[in-house]
Amino acid sequence: MGHTIKVTVNGVTHEATVEPRMLLVQFLREVLMLTGTHIGCDTSQCGACTVLVDGVATKSCTMFAVQADGREITTIEGLAANGDLHPLQKAFWEEHGLQCGFCTPGVIISSYDFLKRNPNPTEEEIRHALEGNYCRCTGYQNIVKAVKKAAQSM
Amino acid sequence: MANYIGSSLKRKEDRRFITGKGTYTDDIVLPNMTYAYIVRSPHAHARIKAIHADKALAHPGVVAVFTGKDLQDDGVNPLPTGWQITDSMIEPPHPVVAVDRVRYVGNPVAVVIANSRAAAKDAAELVEVDYEILPAVVDATRAIEKGAPTVHDEAPDNISFTWELGDKAATDDALSKAAHITRLEIVNQRLIPNAMEPRSAIGDYHPARDELTLYTSSQNPHLIRLLMCAFVLGIPEHKVRVVSPDVGGGFGSKIFHYPEEVIVSWASRKLGRPVKWTAERSESFLTDAHGRDHYTVAEMGIDKDGTILALRVNTIANLGAYLSTFAGGIPTWLYGTLLAGQYKYPHIYVQTKGVFTHTTPVDAYRGAGRPEATFVVERLMDTAARELGMDPAELRRKNFIPADAFPYETPVVLTYDSGNYEASLEKAMQIIDYQKWRDEQAKARNQGRLIGIGLSCYIEACGIAPSKVAGAIGVRAGLYEGASIRVHPTGQVTVYTGSHSHGQGHETTFAQIVADGLGVSPENVEVVHGDTAQIPFGMGTYGSRSLAVGGSAIWRAVEKIREKAKKIAAHKLEASEDDIVFEDGKWVVKGTDRALTLGEIALTAYVPHDYPEGLEPGLEENSFYDPANFTFPFGTHIAVVEIDPDTGKVQILRYVAVDDVGNVINPMIVDGQVHGGLAQGIGQALWEGAVYDENGQLLTGSMMDYAIPKADDLPHFEVDRTVTPCPHNPLGVKGAGETGTIASTVCIVNAVVDAVSHLGIKDIPMPLTPERVWRAIHGK
Ligand code: FES
Ligand code: FES
């Protein structure tokens with residue numbers, strides 16, 4: 001008993017039939033093979049699965065694929081326009097804002113949404129904004145630096 | 001030619017990660033793949049009376065259901081442990097899937113394999129297991145009491161080994177004569193590693209070629225292949241390829257050979273189809289090997305003037321239900337040997353009892369034994385200073401091994417290679433402005449505010465390990481590292497390393513070494529790791545060994561390439577070999593401008609028309625590097641904290657880390673390693689801790705209940721260095737992966753206790769949650 005949905009992901013519209021219980025993150029990873037969005041937990045804590053849904057950072061493990069019907073999704077794969085890295089991606093690279101890279105797509109997407117709302121944040125605001133994204137590698141210091149740097153260049 | 005060694009080159013590996021193009025194991029999808037879901041025991045201790053799989057087998061999409069008996073009947077052996085601690089160590093069998101008894105919540109009981117993840121999981125719900133629930137014991141101190149439930153019949157008293165090191169008689173004697181004894185009872189609580197990528201494994205068997213590929217999120221693919229082939233499955237190693245692609249953090253938890261690696265490999269051979277398993281986070285909590293979990297009584301004997309005379313330590317280490325791969329070595333050799341710290345006290349005696357309980361197996365977690373040792377030593381130092389009315393920095397200084405005493409032999413078998421402890425303490429005190437904070441603290445106390453200053457002067461042994469030593473202390477492996485360098489005809493270079501990067505940035509650091517070593521740009525150096533089919537052999541990454549051992553192996557291979565290149569250059573430049581020098585990235589005829597680059601030499605080596613007589617064509621070299629000694633990074637960390645007396649919340653006002661990791665190849669990467677280590681160490685001090693109820697249920701089984709540090713929990717770290725090169729490896733490097741974790745836990749605890757000591761508080765058990773701190777302050 002599939003449901004047919006139409007979802008635009010990174011500018012491309014996909015039509016697919018999915019089980020009602022399929023999570024958006026599973027749809028992205030397993031149906032569209034966009035494996036840049038990761039699954040780090042089963043309790044909606046870690047933020048590794050964060051994507052933009054109609055421009056708003058959303059944990060894609062908290063949403064069913066059917067709820068994405070008719071909406072626009074941006075994943076980490078869609079952030080670089082024509083191969084040009086987004087300023088956030090550049091800043092994470094330059095400031096060593098990642099180590100194993102597993103949390104990185106989620107952290108970058110969350111930061112993207114945050115900087116839209118707060119283009120000139122303080123360190124404290126950045127740390128607060130990233131509360132929903134766990135990183136076990138970096139101790140967050142260079143993530144904070146990267147977000148700050150990106151803010152300056154955006 | 002640029003000097004890449006020592007520069008903060010941006011990481012070569014990052015492009016794929018920031019664009020979402022990394023390849024972690026769960027990202028791999030193979031044709032005709034099946035999915036495994038593992039039925040796990042909900043009980044900490046029970047007898048399996050029967051398993052009914054019919055309903056699960058009938059579920060749509062299900063391909064097979066296997067139980068422990070199926071594996072056993074097919075000749076699958078138990079998982080081995082790799083470290084024998086004493087001759088009489090008790091090593092009960094560790095079945096891949098439980099056969100008749102389960103011994104911890106999460107113990108595999110059956111495996112359901114289906115065409116989709118969802119079908120496998122649904123069907124797993126239908127597997128009925130009849131259990132006879134048995135009493136469980138979770139606390140190691142309770143497990144050794146008379147009458148405690150027994151985990152393994154082979155060890156009726158639940159003790160796997162009792163290990164000791166040092167001169168007991170001399171230590172007892174020195175303590176009995178000491179003017180002052182400082183005594184602490186320490187619980188170093190159990191931690192759950194929580195690498196952000198859950199473990200994952202895919203077995204992919206090709207019947208026609210009789211070849212198996214195992215993809216696994218491992219820190220050491222060669223070791224997994226060796227253990228699985230030689231011990232568990234008894235299949236030929238040359239027919240097995242183990243690939244550890246991008247791995248999302250490890251921190252020790254991905255060193256070990258886990259049941260799931262065997263399950264997917266064995267099942268794929270049975271079914272002739274690929275089998276994938278990926279942990280859900282709740283499974284990670286239950287089944288990734290945990291860390292720490294010590295109960296310790298430590299006594300330090302000190303004479304009147306503050307000279308430390310002896311240290312006696314008794315530790316009960318919880319090993320969990322089974323001996324994981326390196327389990328025994330962590331609370332013994334990697335712990336007891338570090339109890340000299342930075343100090344010259346002449347007598348040390350340590351005894352560790354390794355104890356089975358009905359809990360998840362415990363093994364190495366970032367620092368692995370060394371944070372526990374540092375905790376003991378540095379808690380004692382701070383406590384002793386307070387009891388003696390000395391400044392804690394002063395007491396340490398008085399007892400430091402002096403800078404001119406290296407190499408220094410400790411009473412617990414190690415020979416420290418090099419150090420300058422005074423220098424790192426001095427620097428840290430300067431950066432933080434130590435005296436100012438002491439004044440500040442006094443002022444604050446008068447105003448009823450609670451400010452504390454904590455020190456931690458740590459030592460670490462990394463670069464594990466000289467194989468001879470490893471053998472002597474019971475490691476069932478050599479701990480060298482392998483490397484291979486292939487210079488292509490056009491002068492680009494591929495480096496194959498047995499180390500594995502799961503965040504450490506080897507693709508960059510190793511490229512920097514080779515770039516300088518051979519006179520090429522790092523862009524022209526590709527580092528390959530994590531694939532047994534490409535890399536000759538390797539022991540993997542743990543214990544901060546990659547650069548000191550793996551990097552040294554690469555350097556040896558560089559030297560071999562240089563040697564051969566020199567012969568080719570001499571021939572081409574019509575000079576004697578003795579006149580060729582490697583300068584500015586070229587092979588130059590001494591005192592002339594006649595020179596050849598690596599590219600020119602490589603082309604000659606592969607198109608050897610005009611070539612030295614008797615020299616083999618080609619330009620490729622292998623090397624294995626077996627270290628001469630451990631390396632001994634050290635440093636001083638100082639933290640300033642303020643406690644809110646109304647809530648007990650600890651705020652870190654400053655955190656200064658001065659580390660000495662020897663020479664530094666990429667400062668940016670080293671700083672990043674320190675930051676991450678600090679976060680984990682501070683996490684243990686303030687928030688993290690596994691909690692079991694008395695029946696063995698893990699109460700902290702999700703990220704909702706287990707507090708992983710978040711961005712706004714942590715301060716801005718001030719990281720600095722002193723540089724004392726390692727004298728015994730070619731790069732002069734010591735290792736930087738664990739310093740932060742080793743030093744920071746005790747540093748924070750010392751600071752918090754310092755903030756409240758004037759209230760008569762001597763100690764607060766970790767984690768120092770607001771509640772615990774508040775209770776201590778208010779005596780509730
Ligand atoms: S996977 Fe969505 S929050 Fe962790
Ligand atoms: S970089 Fe590894 S979890 Fe963030």
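In which loop of chain B is Val607(B) found? Val607(B) is found in the loop between α17 (598-606) and β25 (620-625) of chain B, where helices (H or I, at least four residues) and strands (E, at least two) are DSSP runs numbered from the N terminus.

This is a predicted model, in which local features need pLDDT of at least 70 and side-chain atom pairs count only at pLDDT 80 or more, while totals for chains, interfaces and linings use all residues. Residues are numbered from 1 along each chain as its sequence is written, chains are lettered from A and ligands numbered from 1 in the order in which they are written, and side-chain values use heavy atoms, with hydrogens and water left out.

**Surface patches**

Val607(B) is partly exposed, with a relative accessible area of 38%; buried means under 20%, exposed over 50%, and partly exposed in between (1.4 Å probe, protein chains only). Together with Leu603(B) and Tyr606(B), Val607(B) forms a nonpolar surface patch with about 240 Å² of accessible area. Patches are made of residues with over 30% relative accessible area and no salt bridge, like charges being joined within 9 Å and nonpolar side chains (Val, Leu, Ile, Met, Phe, Trp, Tyr) within 5 Å. A negative patch is formed by Glu124(A), Glu125(A), Glu131(A) and Asp712(B). Of these residues, Glu125(A) lies in helix α4 (residues 123-129) of chain A and is partly exposed, at 36% relative accessible area.

**Salt bridges**

The structure holds 63 salt bridges over all chains, each being a side-chain nitrogen of Lys or Arg within 4 Å of a carboxyl oxygen of Asp or Glu. Three pairs are listed below.

| Pair | N to O distance | Citation |
|---|---|---|
| Asp54(A) and Arg71(A) | 3.2 Å | salt bridge |
| Asp391(B) and Arg438(B) | 3.7 Å | salt bridge |
| Arg721(B) and Asp671(B) | 2.8 Å | salt bridge |

Asp391(B) lies in the loop between α10 (370-388) and α11 (392-399) of chain B and Arg438(B) in helix α13 of chain B, so this pair ties together parts that are 47 residues apart in sequence. Asp391(B) is partly exposed at 27%, whereas Arg438(B) counts as buried at 14% relative accessibility. The pair of Arg721(B), in strand β28 (residues 718-721), and Asp671(B), in helix α18 (residues 667-686), links parts of chain B that are 50 residues apart. Here Arg721(B) counts as buried at 17% and Asp671(B) is partly exposed at 23%. A network of salt bridges links Arg29(A), Glu30(A), Asp26(B), Asp27(B), Arg117(B) and Lys276(B).

**Backbone features**

Most residues other than glycine have a negative phi, and most peptide bonds are trans. Asn158(B), however, has a positive phi of about 70 degrees; this residue is in the loop between α5 (140-143) and β7 (159-166) of chain B and is buried, with a relative accessible area of 0%. Asp433(B) also has a positive phi, near 65 degrees, and is partly exposed at 38%. Cis peptide bonds join Ile464(B) to Ala465(B), with omega about -5 degrees, and Met766(B) to Pro767(B), with omega about -10 degrees.

**Helix α6 of chain B**

In helix α6 (residues 168-177) of chain B, Ala170(B), Thr171(B), Ala174(B) and Leu175(B) are buried. Seen down the axis of α6(B), the buried residues fall within an arc of 130 degrees, so they line one face of the helix; the arc is that of the directions from the helix axis to the C-beta atoms. The face turned away from the buried side carries the exposed residues Ala169(B), Ser176(B) and Lys177(B).

How values were computed. Accessible areas come from the Shrake-Rupley method with a 1.4 Å probe; for residues, only the protein chains shown count as cover. Lys and Arg count as positive and Asp and Glu as negative; His and the chain ends are not counted. The place of a charge is taken as NZ of Lys, CZ of Arg, CG of Asp or CD of Glu.
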